[in-house]
Amino acid sequence: MKKKLLSVLMSAAVVASLLAGCGAAAGTAAPAADAAPAATEEAAPAADAAADTAAPAASNGKKVAVAMPTQSSERWMHDGANMKEQLEALGYEVDLQYAEDDVQAQVSQIENMIAAGANCLVIAAIDSDALVNVEAQAKDAGIPVIAYDRLLMNTDAVSYYATFDNKGVGTKIGEYIVQHCGATPDAPKTIELFMGSPDDNNAHMLYAGLMEQIQPLLDDGSLVCKSGQLAFDDNNTLRWDQQTAMKRCEDLLTRYYADEDLDICACAYDGLSYGCMSALEGAGYTEANWPMITGQDAELMATKHIISGKQTMSIYKDTRLLASKCVTMVQAVLEGAEPEINDTEQYNNGKIVVPSYLCEPVPVDKDNYKEVIIGGGYYTEEQLAE
Ligand code: BGC
């Protein structure tokens, strides 16, 4: 019940933020209202307000089904809303569904989308390996599949992949740590890694990019990981779950940092950063010994934390841009248009190399958030001041 209420509040908040923020840059955000199935009566005013702002384009008779992982993370709410808005502007009918990180629920949703006559499937997987059978069903039914942000593994049923440079996200987090932590062999800093979900290819790529950057500092003793949990198998976080990260951080602080402070939490996602922050607060960390904390997605809350100094940096991913690239792929498979592709090598899913478009992730911290995030029309100054 509490979760539902939170979901409703979040949905309403995100709708509001989209109307106030992204709408300015990406056109009106009317479809955001429908993007939140959990938002019922409470969110209705936002829905009505949104509906007034954009007249839907005439239907072109084609239905695009969009399967998203969860509404519990702000970025996926933006992604769903942007996809719906941009597809509807082109006259497509959109069936947008979220599976709340329940793998089986996502399988069922996609089965239902196929049965309901979708002409194209856009999928941001929860566990990409779990979708192999349902993707084969789509292929048999002649329905093209596009992977959204997360690569669909072990299938030849996927036509294109729209994403951010996932290894680049890790590289940029790593570069940031190397450039800003001030660690040297004579004055070492302690570090722990909080990586993403093992069933998400992005998490592995991020880890690879991060390690490439920090390995030399680990090798020369500038960085010290007291738990020794440097292998991905030891530091990943199933479903990118905040509570899991919090518990692991609490455990690490108790076991390895009783006598010495933890200086750097290398977190792969803002949600994991929040988990670490709770653990650090619980362990008595204050401004005086607060560690450097990284993240990903530049969520509204994370950006506020960057301003207040609680989080050091995040990786901004403009979901409006990602949606627009994905939409060109939908048009390609449905109308025979040519989508823009900029990578035909990196994304081997175990069966095929999927033609991809990689958007550029941008590191943000207190020095550049105004220019990048406010300047880019992602959040307004007012939203960040609330
Ligand atoms: C996305 C990240 C996101 C994470 C958790 C990844 O697949 O690329 O942007 O932070 O999932 O939702």
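This is a short dialogue on reading a predicted model.

Reader: Happy to start! What should I know about the model and its numbering?

Author: This is a predicted model, in which local features need pLDDT of at least 70 and side-chain atom pairs count only at pLDDT 80 or more, while totals for chains, interfaces and linings use all residues. Residues are numbered from 1 along each chain as its sequence is written.

Reader: How many helices and strands are there in the chain?

Author: Helices (H or I, at least four residues) and strands (E, at least two) are DSSP runs, numbered from the N terminus. Here the chain has 14 helices and 12 strands.

Reader: Which residues of α9 are buried?

Author: A residue is buried if 20 or more other C-beta atoms lie within 10 Å of its own, exposed if 12 or fewer, and partly exposed in between, with C-beta atoms placed from the backbone. An α-helix has 3.6 residues a turn, so residues three or four places apart point the same way. In α9, the buried residues are Gln242, Ala245, Met246, Arg248, Cys249, Leu252 and Leu253. They pack against β6 (189-194) and α10 (270-282), where a contact means C-beta atoms, placed from the backbone, within 7 Å.

Reader: Lovely. What about phi at Glu100 and Arg239?

Author: Most residues other than glycine have a negative phi. Glu100, in the loop between β2 (93-98) and α4 (103-115), has a positive phi near 50°. Arg239 also has a positive phi, about 60°, and sits in the loop between α8 (232-235) and α9.

Reader: Is each of these buried or partly exposed?

Author: Glu100 is partly exposed, with 16 other C-beta atoms within 10 Å. Arg239 is buried, with 21.

Reader: Where does the largest nonpolar core lie?

Author: A nonpolar core is a set of buried Ala, Val, Leu, Ile, Met, Phe, Trp, Tyr and Cys residues joined through C-beta atoms within 7 Å. The largest one has 105 residues, and Ile146 is among those with the most contacts inside it. Domain 1 (30-165 + 319-359) and domain 2 (166-317) both contribute residues, so this core lies between them; the bounds come from an automatic or database domain assignment.

Reader: And which residues surround the ligand?

Author: A residue counts as near if its C-beta atom, placed from the backbone, lies within 6 Å of the molecule. The surrounding residues include Arg75, Asp149, Trp240 and Lys317. Both domains give residues to this shell, so the ligand lies between them.

Technical notes. Contact = placed C-beta atoms within 7 Å.
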